[in-house]
Amino acid sequence: MQLVVARIGRAHGIKGEVTVEVRTDEPELRLGPGAVLLTDPAATGPLTIATGRVHSGRLLLRFEGVTDRTGAEALRNTLLIAEIDPEELPEEEDEYYDHQLMDLDVVTEDGVEVGRITEISHLPSQDLFIVERPDGSEVMIPFVQEIVTEIDLEEQRAIIDPPPGLIDDRAEIASARDSGDSADSGDES
């Protein structure tokens, strides 16, 4: 199975280094020296990582055979693709690769079918499941422990405990106006 692990950015310096936008939770495993990566476009690769280092919070890589800024700049916007075993699991117990989560059925804790995961969106604050409902509409479910209570890969399902309003239109609205509190109602008795 092939997974995109990074995108090459601009050249850095004059010795062939490039910045990379990391797209893996395991850069030390996938983007270490000696790693051979496929590319998109395919004609650019495969590329073998010669060196890697972090500079000002960005990962810089240099590839074998790329020794100057011109060669590095020619790689800009190339996707780096790792070949991985589909049975391989992440090191941490509660971590999953995207391909493991795709197409899982999503059900509530009381067994109500919500839909099927069709996409996983990686945002800075959290990941989101994009779930296609049986009627064709989509719902976004934050992939956080408070909502996604269990991932059962054997049964191919994600079990959720959604707060009111996440997957239906019956949100509970609590405000001072609804509580019957007359302290702010303007009544002076």
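Here is a walk through a predicted model, from its nonpolar cores to its pockets and then its salt bridges.

Let's start on the inside. The largest nonpolar core has 20 residues, and the members that touch the most others are I8, L31, L61, F63 and L80. If you want to see where this core comes from, colour the strands: β1 (2–12), β2 (17–22), β4 (47–55), β5 (58–63) and β6 (79–83) are the elements that each give two or more residues to it. Of these, β1 is the top contributor, with four residues.

L61 is a handy place to centre your view. Skip its neighbours within four places in sequence, and L61 is still in contact with G16, E17, V18, V20, L31, I49, T51, G52 and L80. Two names on that contact list, L31 and L80, are also among the core residues that touch the most other members. Keep E17 in mind as well, as this contact of L61 comes back below as half of a salt bridge.

Apart from this core there is another one, made of 16 residues, including L101, V131, I147 and I167. Hold on to I167, because that residue turns up again at a pocket; the definition of a core makes it a buried one.

Now for the open space. The largest pocket holds about 870 Å³. Its lining runs to 28 residues, and D25, Y96, D98, H122 and D127 sit closest to the centre. Which elements give two or more residues to that lining? They are β1, α3 (98–101), β8 (113–122) and β11 (148–152). The largest share, four residues, belongs to β11. So β1 plays a part in two places, giving residues to the largest core and also to the lining of this pocket, under the strand numbering used here. As for chemistry, the lining splits into 14 nonpolar, nine charged and five polar residues.

The second largest pocket has a volume of about 190 Å³. Here 14 residues form the lining, and those nearest the centre are T108, D110, P162, I167 and D168. There is I167 again, a member of the 16-residue core that also lies by the centre of this pocket's lining set. By class, this lining is made up of seven nonpolar, five charged and two polar residues.

Last stop: the charged pairs. Side chains of opposite charge can pair when their charged atoms come close. In this model the count is four salt bridges, and three are worth a look here.

Take R7 and E21, whose closest N and O atoms are 3.2 Å apart. R7 belongs to strand β1 and E21 to strand β2, so this pair ties together parts that are 14 residues apart in sequence. Both ends are partly exposed: R7 has a relative accessible area of 23%, and E21 comes in at 31%.

Then there is E17 with R53, where the closest N and O atoms are 2.9 Å apart. E17 lies in strand β2 and R53 in strand β4, so the bridge links parts that are 36 residues apart in sequence. Is E17 buried or exposed? It is buried, at 12% relative accessible area, while its partner R53 is partly exposed at 37%.

Finally, R76 forms a salt bridge with E73, and the closest N and O atoms are 3.1 Å apart. R76 counts as partly exposed at 42% relative accessibility, and E73 does too, at 31%.

Technical notes. Residues numbered from 1 in each chain as written. Predicted model: local features only at pLDDT ≥ 70, side-chain atom pairs only at ≥ 80, totals over all residues. Heavy atoms only, no water. Core = buried A, V, L, I, M, F, W, Y, C linked by side-chain atoms within 4.5 Å. Buried < 20%, exposed > 50% of the residue type's maximum accessible area, 1.4 Å probe, protein only. Contact = heavy atoms within 4.5 Å. 1 Å grid on protein atoms, 1.4 Å probe; cavity = no way out; pocket = protein on both sides within 12 Å on 5 of 7 lines; lining within 4 Å. Points joined across faces, edges and corners; volume = space filled by probe spheres on them. Nonpolar A, V, L, I, M, F, W, Y, C, P; charged D, E, K, R; others polar. Salt bridge = Lys/Arg side-chain N within 4 Å of Asp/Glu carboxyl O.
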